[in-house]
Amino acid sequence: MSAGPVLAIDIGGTKMAAGVVLPGGRVAAHDRTPTPPGADAETLWRTLLAVVGKVTAEAGDPPLAGVGVGCGGPMTWPAAEVSPLNIPGWRGFPLRDRLRDRYPGLPVRVHNDAVCVAIGEHWRGAGRGHRDVLGMVVSTGVGGGLILDGRLVDGASGNAGHIGHVVVDPDGPPCACGGRGCLEAIARGPGLVAWAQGEGWRPGRSATGADLADDARRGDPVAAAAMRRAGHALGVAIASATHLCDLEVAAVGGGLSQAGPLLFDPLEEALRTHARMHFARQVAVVPATLGQAAGLVGAAALVHEAGAYWNAD
């Protein structure tokens, strides 16, 4: 474990967040700012530096042990030339090198944002105390990270655990990846909204995953069917992942997970239908517990707990 605080950064299409995270995982200071839509590369970089500067000043400008970052992909890994799908101003942006120039002499470690959420939940959240954990984010996309035998599994290109592109319905809807029937194509919030609208759902306000869940709670049959559709797809995917990886826990977070039993009840039903091997029936599916702090805590763990979560250079 590192001896000092870590600057943690969480970069997504809607927000850039930063925090100073202490060795035990407590976030001592944090802030966020909207990701400027349509901004060019240098405007995005200056926006990030501004929120980082604000947070480190709030924490008293402590001597840092390193910098940990979660960022949307795709990216080259571990070099972290990032091209987030939802941040078009960064294409091949050398995020790690730029941060190394900004913080010379410190370890700078960058991973996928969903991987960092999974790390955070394993280190200090719903997966704490377990050695074999799948962490998932179900929101505008579906991502994840995989910890086996207590260590993060990266895979050949840093993309292990990308459960959003497990195929759960070969005849299902097309996915942005070019495939068909991926979990993400079915269970991500915008995909659910589009399906529900195609089935006749007409919300009286904006059309978001949260609106869909609200209407399902009120008894709207199409909205309820959409939540069952998402839960079923998630259960099938987790069953497959458990058969492959012998998981103890799957921790499910992200905006759509806030739907609670509307999502988790059909998830459990599908999981128990498809997880038929004895060992697979032991897996527990639980809501993630760290909320919006998960990405920052997981990014900090790339430095604080490098022995478990950082497998490069």
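How are α1 and α2 oriented to each other? They are oblique. The model behind this answer is predicted.

## Helices α1 and α2

Helix α1 covers residues 41-58, and helix α2 covers residues 95-102. Their axes come within 13 Å. They cross at roughly 50°. An angle in neither the parallel, the antiparallel nor the perpendicular range counts as oblique, and α1 and α2 are therefore oblique to each other. The crossing of this pair is right-handed.

On the α1 side, the contact uses E42, W45, L48 and L49. On the α2 side, L95, R98, L99 and R102 take part. By class, the contact of α1 with α2 holds five nonpolar residues and three charged ones. No polar residue belongs to this contact.

## Helices α5 and α7

Helix α5 spans residues 189-198. Helix α7 spans residues 221-245. The two pack at an angle of about 140°, and their axes lie 9 Å apart. Only angles over 145 degrees count as roughly antiparallel, so the angle of about 140° makes α5 oblique to α7. The crossing of α5 and α7 is right-handed.

Helix α5 brings L192, W195 and A196 to the contact. Helix α7 supplies V222, A225, A226, M227, R229 and A230. Eight residues of the contact of α5 with α7 are nonpolar, and one is charged. Polar residues are absent from this contact.

Methods. Residues are numbered from 1 along each chain as its sequence is written. This is a predicted model: local features need pLDDT of at least 70, side-chain atom pairs count only at pLDDT 80 or more; totals for chains, interfaces and linings use all residues. Side-chain values use heavy atoms; hydrogens and water are left out. Axes are lines fitted to C-alpha atoms, for helices over the stretch in contact, and angles run from 0 to 180 degrees between N-to-C directions. Helices (H or I, at least four residues) and strands (E, at least two) are DSSP runs, numbered from the N terminus. Angles under 35 degrees count as roughly parallel, over 145 as roughly antiparallel, 65 to 115 as roughly perpendicular and the rest as oblique. A crossing is left-handed if the near helix is turned anticlockwise from the far one by less than a right angle, and right-handed if clockwise. Contact means heavy atoms within 4.5 Å. Ala, Val, Leu, Ile, Met, Phe, Trp, Tyr, Cys and Pro count as nonpolar, Asp, Glu, Lys and Arg as charged, and the others, Gly among them, as polar.
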